[in-house]
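Me: I would like to go through one structure by question and answer, with each criterion stated when it comes up. Could we begin from a helix?

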Amino acid sequence: MKAAKISHLPLLPQLFRSLSGWRSGLLSACTLAIVLWSALQANGVPIGTKFTPTNPRLGETLVLDLSTTKGGTTTATPPTVKVGSKTYPVFSLGGERFRALIPTTPLEKPGNREVTISNNTGTTTLNIPVADRKFPIQRINFAPGKVGIQATALELKQVAALKATVSPMKLWDGKFIAPNQGRTSSPYGVKRYYNGKFATNYYHRGLDYAGGYGSAVVAPAAGKVVLVGYEKKGFRVHGNVVGVDHGQGLVSIFIHLSKITVEEGQMLAAGDRIGAIGSTGSSTGPHLHWGLYVNGVAVDPVQWRSTAIE
Ligand SMILES: [Zn+2]
């Protein structure tokens, strides 16, 4: 909280800390809630906000928890969340609590993200500082005239639809587990030069695991299988591919599989088998590429592995 600037009410963080530490029973809690509500009303702030991580870096997901100050007969509408002109989906966490997930990427500039949160009682602005981060650099050299494998229209369309999936039910629960037992061979966010020329729109949109050929690939979190694609059916770049919808704009993709053991529509628990590591599609050797997308943007899965995001 310390890095955030809330434009209307500097006392808000302290009030929330008091609230979370309160243990003296319902009556006291109610009293405090009324005090809190009144304080917010008096200052004209419609929404309590908290974001994590406290010191986000490029590639991480900004997790914005919102608490509307609906009380008594007042009805507050669910907040809307905007960064610049882009509006992000907001989901209920029950009662007066809501949450928005805002992705950041290595292609963006570090610095403040001005987040505007509004509902029918007013608007709050948060400045979230996103720190710079060094990403590894890879130099790839092609023989002159050699063209890489081109994606087919079918796979581009189906993979784009997968990444754009935003479904209302939250299916994941707690920290994500590793989708394969191998070591990670290429981190998220690696940037590239091709034949000495910097690839401005490229970054490694996932995490690679070097488990051996045929080793198990499992669901890192619960979800619904929404894409199963095969190299022989036109997934030339991705190879055999599985897409899992974890709900509320969070989607995983697993590519280059040798084998797929799930079907579209199937519900998965964390740890359920999806298939096996392979080298199908545009791949130079057996590995798993796991991409994690938040509202259509590839974020660093490591944060989701190390932190339980409610
Ligand atoms: Zn990869």
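Me: Which exposed residues are carried by the face of H3 turned away from its buried side?
Reply: This is a predicted model, in which local features need pLDDT of at least 70 and side-chain atom pairs count only at pLDDT 80 or more, while totals for chains, interfaces and linings use all residues. Residues are numbered from 1 along each chain as its sequence is written. A residue is exposed if 12 or fewer other C-beta atoms lie within 10 Å of its own, buried if 20 or more do, and partly exposed in between, with C-beta atoms placed from the backbone. The face of H3 turned away from the buried side carries Ala153, Lys157, Ala160 and Ala161.

Me: Over what arc do the buried residues of H3 lie, and why does that put them on the same side?
Reply: Helices are DSSP runs of H or I with at least four residues, and strands are runs of E with at least two, numbered from the N terminus. In H3, which spans residues 153–163, the buried positions are Glu155, Gln158, Val159 and Leu162. An α-helix has 3.6 residues a turn, so residues three or four places apart point the same way. Taking the directions from the helix axis to the C-beta atoms, these buried residues are on the same side of H3 because they cover an arc of only 95°.

Me: Which strands do the buried residues of H3 pack against?
Reply: Contact here requires that the C-beta atoms of two residues, placed from the backbone, lie within 7 Å. By that criterion the buried residues of H3 pack against S16 (223–229), S17 (240–247) and S18.

Me: Which strand gives the largest share of the largest nonpolar core?
Reply: A nonpolar core is a set of buried Ala, Val, Leu, Ile, Met, Phe, Trp, Tyr and Cys residues joined through C-beta atoms within 7 Å. The largest one has 52 residues, of which Leu64, Val217, Val241, Val242, Phe254 and Leu257 touch the most other members. The largest share, 6 residues, comes from strand S18.

Me: Between which domains does this core lie, and why?
Reply: The domain bounds come from an automatic or database domain assignment. Both domains give residues to the core, so it lies between domain 1 (5–130) and domain 2 (137–306).

Me: Is Leu101 buried or exposed?
Reply: Leu101 is found in strand S7, residues 97–103. Leaving out residues up to four places away in sequence, Leu101 touches Thr61, Val63, Gly249, Leu250, Val294 and Asn295. With 21 C-beta neighbours inside 10 Å, Leu101 counts as buried.

Me: How many C-beta atoms lie within 10 Å of Gly84, and where is Gly84 found?
Reply: Gly84 is found in the loop between strands S4 (80–83) and S5 (86–88). Gly84 is exposed, and the number of other C-beta atoms within 10 Å is 9.

Me: Which residue in S9 stands opposite Thr116?
Reply: Two strands pair if DSSP finds at least two bridges between them. S8 (residues 111–119) and S9 (residues 122–130) run antiparallel and are joined by 9 bridges, and they form a hairpin with 2 residues between them. The residue opposite Thr116 is Thr125.

Me: Which strands stand at the edges of the open sheet of 3 strands, and why is one side of each without a neighbour?
Reply: The order in this sheet is S15-S21-S19, with antiparallel pairing. Each edge strand has a single partner strand, so one side of each is left without a neighbour in the sheet; the edge strands are S15 (216–218) and S19 (259–260).
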